[in-house]
Amino acid sequence: MKNFLILSIILVPLLRICYAQRVVRDEAVTYQQQRMVYQQWDKNKFSPKPGFLSLNPYYWLTWGLFHPNYHKTDRRPLSATGPQTQRLAMVASMKTIDDRYKLHSDTVRNTALAEIANQSGTITGVDPLWQLYYKRQLDPVLNYSPSSILAGLSPQVSGKLISEGLYDWYRNELEILRERVNAAHTTDMDRGARIMAYHRLFLEYRKLAGVWSIRTSSAQSTIRMTAQQQRLKTGTIAVPAWTPGSDVQIARNVLAHVQ
């Protein structure tokens, strides 16, 4: 008996603690949790209910006095007009705006890069028109040398051009053209203006090359005529004697060609 009393003294407080810790199940709380989280907002599952002929006082005390029209309004966060749905819609809207800003910034960046590529003088070496045409046409200006200037000329003609200063004049003109071509090639400017500058310099080089060709031809003719005069003076060339018959033969040949 004494042991039973001791055991009762120990177990009774434990049973009270366990009973106090028991989870109380309230259908109203359960339905509200289900409605607010994932289930449909069902106004027929609100508790307390109206009861027979809507005479339940707890119903009117709860929903009529403290929470009027509560069960008629969908208050789920994920409802069509719920706060979470509005936040998700706003996030999607902000993402769309961010994507538009990004597209706009990318367009501005691509436009800026295209303008830089169009005007920068640091990447003109890869320009297709320069690589395919003007680089080859202006190569005698950019890479001239004494051997390239005097190529194909005899030593006598080269010596005459050098002694008369024509070689130095032509080399100075090429140097001026080369500086202008390098300036047009490296200066920041519009691609169209750069191409037009290439073309103008190319035309100037053609004129200069034509003048140089005339000067070299003139020097060759002068040297050849001087050599012939020297041979005439020394008697190394036989001059045919003149006879009256020769004039008659010349006249006949002229008339024959006219007829």
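1. Packing of α8 against α10. In this predicted model, helix α8 (residues 155–163) packs against helix α10 (residues 191–234) at an angle of about 115 degrees. The axes of the two helices lie 9 Å apart, and the crossing of α8 and α10 is right-handed.

2. Residues of that contact. Helix α8 contributes Q156, V157, K160 and L161. From helix α10 come W212, R215, T216, A219, Q220, T222 and I223. By character, the residues of the contact between α8 and α10 divide into five nonpolar, four polar and two charged.

3. Salt bridges in general. Seven salt bridges are counted in the model. Three of the pairs are discussed below, among them R191 with D127.

4. The pair R191 and D127. R191 forms a salt bridge with D127, and their closest N and O atoms are 2.5 Å apart. R191 belongs to helix α10, whereas D127 sits in the loop between α4 and α5 (128–137), so the pair ties together parts that are 64 residues apart in sequence. What is the burial state of D127? D127 has a relative accessible area of 13% and is therefore buried, since buried means under 20%. R191, with a relative accessible area of 33%, is partly exposed.

5. The pair D106 and K102. A salt bridge also joins D106 to K102, with 3.1 Å between the closest N and O atoms. Both residues are in helix α4 (residues 83–119), and because they are four residues apart there, about one helical turn separates D106 from K102. D106 counts as partly exposed, at 24% relative accessibility.

6. The pair R178 and E175. Here the closest N and O atoms of the salt bridge are 2.6 Å apart. R178 and E175 both lie in helix α9 (residues 166–186), at a spacing of three residues, or about one turn of the helix. Are these residues buried, exposed or partly exposed? R178 has a relative accessible area of 23%, which means that R178 is partly exposed. E175, at 25% relative accessibility, likewise counts as partly exposed.

7. Sequence separation and setting. Within helix α4, D106 and K102 are four residues apart, and within helix α9, R178 and E175 are three residues apart. The salt bridge of R191 with D127, by contrast, links helix α10 to the loop between α4 and α5. Helix α10 thus appears in two of the settings described: its residue R191 pairs with D127, and residues including W212 and I223 take part in the contact with α8.

Note on methods: Residues are numbered from 1 along each chain as its sequence is written. This is a predicted model: local features need pLDDT of at least 70, side-chain atom pairs count only at pLDDT 80 or more; totals for chains, interfaces and linings use all residues. Side-chain values use heavy atoms; hydrogens and water are left out. Axes are lines fitted to C-alpha atoms, for helices over the stretch in contact, and angles run from 0 to 180 degrees between N-to-C directions. A crossing is left-handed if the near helix is turned anticlockwise from the far one by less than a right angle, and right-handed if clockwise. Contact means heavy atoms within 4.5 Å. Ala, Val, Leu, Ile, Met, Phe, Trp, Tyr, Cys and Pro count as nonpolar, Asp, Glu, Lys and Arg as charged, and the others, Gly among them, as polar. A salt bridge is a side-chain nitrogen of Lys or Arg within 4 Å of a carboxyl oxygen of Asp or Glu. Buried means under 20% relative accessible area, exposed over 50%, partly exposed in between (1.4 Å probe, protein chains only).
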